[in-house]
Amino acid sequence: MKTLKSLLYIVGLPVILLVLWYLATAFGEKNFFVPTPALLAETFVETWTWDRMTTDVFPSLVRLFWGILGSIVIGMVGGLLIGSVRWLRALLEPTMEFFRAIPPTVLIPVLMLLIGIGDDMKVAVIIAGAVWPILLNTIEGVRAMDEVLSDTTHTYGIKGFNRVRYLILPSAMPQIMAGIRQSLSIALILMVISEMFAASSGLGFTIVQFQRSFAIPEMWSGIVLLGIIGVLLSFVFQLVERVVLRWYHGLREIENAA
Amino acid sequence: MTDQTPTGAPGPRGPHASEDPRRETEIERLHRLEAAARPDQRRGDTRRHVDAATVAALDIPTRPDPAAPPTSVAQSGATGSRTSSGPGRARRRARRGWGTRLLGVAGLLGFLLTWELLSRTGVVNPTYLPPASAAIADLFRNFGLAAFWEAVGDTMLQWFLGMVIAVTAATVLGFIIGSSTFLRRFTNSTIEFLRPVPSVALIPLAVLLYGVSIQSALLLIVYASFWQVLIQVLYGVADVDNVAMNTARSYGLGPLARLRYVIFPTTLPYLMTGVRLAAAVALILAITAQLIIGTPGLGAEIAKAQSGGSYVAMYALILATGMLGVLINIVMRVIERRVLSWHSSVRTEVVK
């Protein structure tokens with residue numbers, strides 16, 4: 001009974017929206033721009049065959065993966081370094097603020113000039129945009145370290161790698177994860193945009209191609225696929241976050257319950 | 001009172017307090033020390049050490065905090081400034097402030113110098129990476145051109161309209177959904193599904209529906225910023241303190257008064273965080289729409305400069321978008337500090 005109720009809560013609104021969509025498109029006047037749900041589902045299955053998956057979708061996802069990995073590594077290493085050295089932070093902070101404020105998509109033309117139109121450029125674009133939230137959040141997380149804990153580790157003579165591993169990383173981790181979460185959506189956006197701007201394959205390219213040839217249901221199916229990728233990405237992230245920050249969520253629960 | 005209590009001695013602290021008068025004064029002193037140390041501790045990292053008593057008592061949030069760090073007020077629980085207070089602290093801040101500023105300027109100059117040298121020495125092809133001085137000179141020439149300001153105006157107009165629509169819709173919906181458990185559970189799956197959908201997926205749709213007119217940029221901007229604000233408002237409404245809410249109820253505050261005096265003040269820091277995040281996202285989407293779709297604005301100028309091969313102009317325009325971004329950030333922070341000046345940094349972490 002309880003599971004049934006929570007299932008109803010989960011599917012209730014989506015089902016209502018789908019029915020509304022169906023009613024609006026099937027019985028209202030014919031709308032050229034919006035297909036019926038049935039047509040869309042049919043097109044989706046027809047369009048995104050295994051062939052197309054391997055030529056367009058998987059290469060995009062591989063670029064996305066390298067881009068995200070690159071930003072996480074660069075952002076965390078750089079952030080730990082800059083966050084722990086005060087003068088370095090003071091030296092770089094305004095410059096970093098400026099770079100973060102530049103909308104990452106305008107870097108696409110620049111990197112296209114400097115690196116050319118290839119996979120490298122797309123990965124570079126993703127890193128150039130997605131690294132900032134991770135970097136700045138790591139710096140902030142390192143700065144916000146608990147002073148008592150910091151003094152305690154000093155007193156116990158915990159230094160070097162151990163200090164990073166057991167003090168700095170755990171205390172900065174909640175902030176770092178918040179940064180990674182922001183970065184994921186930026187990375188996905190940049191993947192699509194870089195392919196729309198200059199590419200001959202990939203998800204973004206294919207969708208724009210559909211739009212230019214007025215293949216409306218196909219275009220919608222591409223939008224849906226992008227949405228699914230976005231949802232999956234955030235789902236995977238939540239799983240990872242739950243494992244990495246298990247201790248932190250437990251702590252907050254206790255605080256909130258008190 | 002137990003028999004162990006010596007007669008005549010008042011025992012306000014319970015059975016053991018007056019066992020030994022020396023011990024009592026000791027405890028008294030400890031309490032005083034603790035009380036004296038407390039205000040300073042509050043400025044430290046409260047995120048992990050929020051004790052229920054202070055949150056429930058609600059004595060902190062009503063006190064203005066002039067020493068609040070210049071970062072987001074709602075997040076400053078995580079900025080962990082030093083614990084000492086008073087004029088010494090102010091002096092130290094000022095001194096560090098000047099040093100920091102000088103170093104920051106040095107960093108910026110160093111960056112520009114690196115850029116200049118990379119181009120001048122030919123490490124990177126100077127056609128594709130013109131020297132920084134050329135780009136900056138072009139930027140200053142732009143400041144005198146009407147076309148440049150028109151592009152800036154178009155960009156800002158799209159940004160502003162998109163923000164107004166998104167923030168209004170998200171705030172209203174957020175308060176409605178957030179204040180009912182049923183609605184929150186009912187909409188949760190839909191929100192969690194729609195939120196991660198990248199807004200740029202809507203670009204083809206926007207092009208089909210609106211072409212290069214301003215609406216296609218607005219569609220993207222509103223879609224992207226709406227979720228930022230909505231999620232923060234939902235977090236904020238969920239964060240309302242139970243004790244405060246029950247107190248308000250037992251004092252006979254009606255639903256509207258509770259919304260105004262309990263829910264709204266709790267949510268405001270979250271809302272402001274959402275607005276600040278949305279402001280940055282909205283600018284990104286405005287420029288992106290201009291770059292890809294060709295709605296009028298700075299992004300379209302960049303695309304034109306790039307395809308026309310005038311790379312100096314392109315770099316100048318990119319610098320301009322960066323400055324616009326910095327400006328929006330600063331303005332949003334100032335607004336946030338103004339609006340939340342009554343709020344001290346006790347709220348637990350906001351960004352999730």
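**Figure 1. Lys304(B) and Glu301(B) in helix 11 of chain B**. This close-up, like the others here, comes from a predicted model. Helix 11 of chain B covers residues 298-308 and holds both Lys304(B) and Glu301(B), which sit three residues apart, about one turn of the helix. The two residues form a salt bridge, and their closest N and O atoms are 3.4 Å apart. How exposed is each partner, Lys304(B) and Glu301(B)? Lys304(B) has a relative accessible area of 54%, so it counts as exposed. Glu301(B) has a relative accessible area of 30% and is therefore partly exposed.

**Figure 2. A salt bridge network in chain A that includes Arg63(A)**. Through salt bridges that share partners, Arg63(A), Asp119(A) and Glu195(A) are joined into one network. Take a look at the pair Arg63(A) and Glu195(A), whose side chains meet in a salt bridge at 2.8 Å, N to O. Arg63(A) belongs to helix 3 (residues 50-84) of chain A and Glu195(A) to helix 8 of chain A, so their pairing ties together parts that are 132 residues apart in sequence. Are these two residues buried or exposed? Both Arg63(A) and Glu195(A) are buried. For the wider picture, the count over all chains comes to nine salt bridges.

**Figure 3. Helix 4 of chain B and its buried side**. Helix 4 of chain B spans residues 132-142, and its buried residues are Ala132(B), Ala135(B), Asp138(B), Leu139(B) and Asn142(B). Why do they share one side of the helix? They cover an arc of only 130° around the axis, which puts them on the same side of helix 4 of chain B. Turn to the face directed away from that buried side and you will find the exposed residues Phe140(B) and Arg141(B).

**Figure 4. Arg141(B) and Asp138(B), a salt bridge within helix 4 of chain B**. Here the side chains of Arg141(B) and Asp138(B) meet at 2.3 Å, N to O. Because they are three residues apart in helix 4 of chain B, about one helical turn separates them. Their surroundings can be compared through relative accessibility: Arg141(B) has 55% and so counts as exposed, whereas Asp138(B) has 8% and so counts as buried.

**Figure 5. The interface of chain A and chain B**. Here 65 residues of chain A are in contact with 71 residues of chain B. The area buried between the two chains is about 6100 Å², and carbon and sulfur atoms give 69% of that area. Which residues of chain A lose the most area to chain B? They are Tyr9(A), Phe98(A) and Leu113(A), together accounting for 12% of what that side buries. Across this interface there are zero salt bridges, while two residue pairs are in polar contact, both at pLDDT 80 or more.

**Figure 6. The side of chain A that touches chain B**. Several helices of chain A give two or more residues to this side, among them helix 1 (2-26), helix 4 (86-101), helix 6 (119-143) and helix 10 (216-244). Which helix gives the largest share? That is helix 8 of chain A, with 12 residues. By residue class, the side of chain A that touches chain B divides into 42 nonpolar, 13 polar and 10 charged residues.

Note on methods: Residues numbered from 1 in each chain as written. Chains lettered and ligands numbered in written order. Predicted model: local features only at pLDDT ≥ 70, side-chain atom pairs only at ≥ 80, totals over all residues. Heavy atoms only, no water. Contact = heavy atoms within 4.5 Å. Buried area = accessible area lost by both parts, 1.4 Å probe. Salt bridge = Lys/Arg side-chain N within 4 Å of Asp/Glu carboxyl O. Polar contact = N/O pair within 3.5 Å; in protein donor to acceptor, adjacent residues only side chain to side chain. Helix = DSSP H or I, 4+ residues; strand = E, 2+ residues; numbered from the N terminus. Nonpolar A, V, L, I, M, F, W, Y, C, P; charged D, E, K, R; others polar. Buried < 20%, exposed > 50% of the residue type's maximum accessible area, 1.4 Å probe, protein only. Arc of directions from axis to C-beta.
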